[in-house]
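Ready for a few hands-on exercises? Take a look at what is shown below, then work through each task before reading its solution.

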Amino acid sequence: MPNLTNISEIRTLLHRHGFRFSKALGQNFLINPSVCPRMAEACGADQNIGVLEIGPGIGVLTRELALRAAHVASIEIDNRLLPVLKETLSDFPNIHIIHGDAMEINLRDLIHNEFKEQKVSVCANLPYYITSPLIMRLLESRLPIDSITVMVQKEAAVRLCAIPGTRECGAVTLAVRYYAQPRMLFSVSRGSFMPAPNVDSAVIRLDIRSAPPCEVKNEKTLFHLIKAAFGQRRKTLSNSLMGAGLLKEQATAMLVAVGISPQARAEELTLEQFAALANLID
Ligand code: SAM
């Protein structure tokens, strides 16, 4: 059973399977031995929960999850990794590898089939090219999951966990906050991966809310406004909200009606303030 954090053992394993890393699939495998156990602990893996992993790679995090959780289901897009995983995970009867694209697969059915009534957490070292779309897919689908613990690029982590009303905030910050409570857990240096990427990473945890933090008549309108406002984040809101189909006078009147300066910019608003604006439209 190869040591999946030992570079020469990984090289031998991958060479034997004729595997070459795909940059396009975001294949940077974890080799720092302390990171995967920390992630597995942080996602709360224990005998009472099932874990959904996305992108097992050669199975280094998958193993740590399976040592703790009742069941692990893991979706891998790259069929060249399937024989590798068969070898590296052969000692773990509680792991099921599913060949598929996490952006396409029916996650609701998958979770139902794999975990039945079990509580479910998501834990993954995400391929960087789908970080935000995948997190939003997990959140917007309102899947029966309790939390999402993921490794993402540091810059993305900062944005995903930013406090609304601060400069780090983006449209995705507010969207995430609508569905979950985000927390920055710990940083991981680029040298912890093979091959090493050009940037550092961080592990974040999103605890799914049982109900949104603010009342919104129409969620679509809320996200449409947020997108328009951050789409031109340097402009004042009375101008940027024209991107949501409002006339400048309308946008100004709405902002004044909810007590926001028309000169304010998107990053200065809280989720509740965007909700108040959205509720004036619908
Ligand atoms: N978990 C492993 C680790 O930590 O070493 C590998 C993480 S690597 C950053 C991302 C993994 O996701 C790769 O195995 C890659 O093939 C896989 N992947 C990329 N896009 C995917 C997708 N759309 N659906 C499922 N897996 C994907």
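A polar contact is a pair of N or O atoms within 3.5 Å; within protein, one must be able to donate a hydrogen and the other to accept it, and residues adjacent in sequence count only if both atoms are side-chain atoms. This is a predicted model, where local features need pLDDT of at least 70, side-chain atom pairs count only at pLDDT 80 or more, and totals for chains, interfaces and linings use all residues. Numbering runs from 1 along each chain as its sequence is written, and side-chain values use heavy atoms, leaving out hydrogens and water.

**Exercise 1.** Find backbone atoms in polar contact with the ligand.

Step one: start at Gly57, where a backbone N or O atom lies 3.2 Å from an oxygen atom of the ligand. Step two: go to Leu30, which has a polar backbone atom 2.8 Å from a ligand oxygen. Step three: check Ile77, whose polar backbone atom is 3.4 Å from a nitrogen of the ligand.

**Exercise 2.** Work out how much of the ligand the protein buries.

Step one: taken alone, the ligand exposes 600 Å² (accessible area by the Shrake-Rupley method with a 1.4 Å probe). Step two: the protein buries 99% of that.

**Exercise 3.** Sort the shell around the ligand by class.

Step one: set the classes, with Ala, Val, Leu, Ile, Met, Phe, Trp, Tyr, Cys and Pro as nonpolar, Asp, Glu, Lys and Arg as charged, and the others, Gly among them, as polar. Step two: count 13 nonpolar, seven polar and four charged residues.

**Exercise 4.** Describe how the rings of Phe230 and Phe274 are arranged.

Step one: rings of Phe, Tyr and Trp (its six-membered ring) pair if their centres lie within 6.5 Å; planes under 30 degrees apart are stacked, over 60 edge-to-face, the rest tilted. Step two: the whole structure has seven aromatic pairs. Step three: here the centres are 6.2 Å apart and the planes at 35°, so the pair is tilted.

**Exercise 5.** Spot two backbone oddities.

Step one: Met194 and Pro195 are joined by a cis peptide bond, with omega about -10°. Step two: Lys116, not a glycine, has a positive phi near 45°.
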